[in-house]
Amino acid sequence: MLIGIVGKTNVGKSTFFKALTLMDVEIGDRIFVTIKPNQGVGHVTRQCPCKKLGVKCNPRNSQCVSGIRLMPIKLLDVAGLVPGAHEGKGLGNRFLDDLRQADAFIQVVDMSGSTNENGEHVESGSYDPENEIEFLKHEMDEWFSGILKRNWDKIKKQVQHVGKNLEEELARQLSGLNISEDSVKQAIKNLDLSKDPVKWDETDLKLFSIEIRALSKRMIIAGNKVDMKTGEENYKRLEQEHDIMPCSAESELALKEAAKHDLIEYFPGDGGFKVRGELSDKQKKALEFIQKNVLEKFGSTGVQHCINSLVFDEMGMIVVYPVASISRHSDKQGNVLPDAFLVAQGTRLKEFAEKVHSTMAEHFIGGLNAERKKIGADYELKDGDVVEILFK
Ligand SMILES: Nc1nc2c(ncn2[C@@H]2O[C@H](COP(=O)(O)OP(=O)(O)OP(=O)(O)O)[C@@H](O)[C@H]2O)c(=O)[nH]1
Ligand SMILES: [Mg+2]
């Protein structure tokens, strides 16, 4: 799974990315600091079943820290977008193209209102971040509809003269954007559009682009820089009407760095930290600032909450733990709860077997749940399920 971190230039995308990956990427208070995309690995977190089962786990494809499972997720930090990017403004289409393979997006918005739409400095609080909220969706919709418009004659020809199916043909044209035929079918159904492309007018094409983008690229808004006074004020004003997650990427990064250097004990997403090492006055002041202006006000820095919420709430993913022996909750080597798989809600046991191992799926018989009860091919997996897949 790949998550794109997107937004206007200078809003804190690279800071957000660095806070999640601790990769050494460039951060700067000027426009277009990032040009080439940065790819790295962050983690989503979920309660691990080890506590409930009363076992000590030995994870292989993930980690477990005090009963919280951390599962790796690929992240992409791209250059900043400016309005009109789809027409080539700013750095233009190039980094829209970098985002093709992303499954979902975190849109970072600078809540402090200290840079205008082009990323230029203005007096703090004088730019209304509400303008930023809609423009990114608009850019993406235009980008999608641009691709379809450019290929529309080809699509029509394939359907009219070669006898191809419209849904298949649309999916083929959009496959480079990591969009499935199922999403295409769903969008056409939701909008009640004709299967004959000749009947589509420009509005249909536009509506389809919006629908397919909303269905296939989930997005959440991270309202960044709420540690600043104007950031907090704007957040309080805009949260009434928009779904925004308050966050302070700079605070999360500072806490993670301090924990890395053993100065504090801090777990991503927590509402506090414990001092462990000897702190300088400057460090003490910085941590007190974060405690008072971010953690006490918002409950956490919001960064971990953003990525978790995107994956689990917006994308509807669940975590399933396959084991070779349900009685020992382990693989063949005795590793307890070794693997955590992120799968879509609605995944059935047989489909899951295919994701775990193709031979398991080929010789599939059924499964056992944590209570050692039999489950069939059509069993719909639930979040936190531990299952043994039975095969011949
Ligand atoms: N106060 C505050 N400043 C932040 C926060 N996050 C980032 N910044 C600052 O905002 C500026 C821009 O940060 P970057 O992470 O480089 O922003 P970007 O969106 O990647 O910018 P481009 O790559 O140029 O598009 C830097 O000076 C950061 O230190 C935050 O949570 N609070
Ligand atoms: Mg950047």
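A polar contact here is a pair of N or O atoms within 3.5 Å. By that yardstick, Phe32 reaches ligand 1 through its backbone: an N or O atom of its main chain sits 3.1 Å from an oxygen atom of the ligand. The model is a predicted one, and the distances that follow are to be read in that light.

Two threonines also meet ligand 1, this time with their side chains. A polar side-chain atom of Thr15 comes to 2.6 Å from a ligand oxygen, and one of Thr34 to 2.8 Å from an oxygen atom of the ligand. In total, ligand 1 has 23 residues around it. Thr15 turns up again among the closest of these, along with Lys13, Val33, Asp227 and Glu250.

Turning to the overall layout, the chain is assigned three domains. Domain 1 comes in two pieces, 2-128 and 218-311, while domain 2 spans 139-216 and domain 3 covers 317-391.

Domains 1 and 3 have their centres 33 Å apart, going by C-alpha atoms, and they do touch: 19 residues on the domain 1 side contact 18 on the domain 3 side. About 1400 Å² is buried between the two, with carbon and sulfur atoms accounting for 56% of it. Polar links cross this interface as well, with seven residue pairs in polar contact and three salt bridges. Arg60 pairs with Asp331 in a salt bridge, with 3.7 Å between the closest N and O atoms. On the domain 1 side, strand 2 (38-47), helix 2 (50-53) and strand 4 (68-77) each put in at least two residues. That side is made up of 11 nonpolar, four polar and four charged residues.

Conventions: Residues are numbered from 1 along each chain as its sequence is written. Chains are lettered from A and ligands numbered from 1 in the order in which they are written. This is a predicted model: local features need pLDDT of at least 70, side-chain atom pairs count only at pLDDT 80 or more; totals for chains, interfaces and linings use all residues. Side-chain values use heavy atoms; hydrogens and water are left out. Domain bounds come from an automatic or database domain assignment. Contact means heavy atoms within 4.5 Å. Buried area is the accessible area (1.4 Å probe) that two parts lose on being put together, summed over both. A salt bridge is a side-chain nitrogen of Lys or Arg within 4 Å of a carboxyl oxygen of Asp or Glu. A polar contact is a pair of N or O atoms within 3.5 Å; within protein, one must be able to donate a hydrogen and the other to accept it, and residues adjacent in sequence count only if both atoms are side-chain atoms. Helices (H or I, at least four residues) and strands (E, at least two) are DSSP runs, numbered from the N terminus. Ala, Val, Leu, Ile, Met, Phe, Trp, Tyr, Cys and Pro count as nonpolar, Asp, Glu, Lys and Arg as charged, and the others, Gly among them, as polar. A residue is near a molecule or strand if one of its heavy atoms lies within 4 Å of it.
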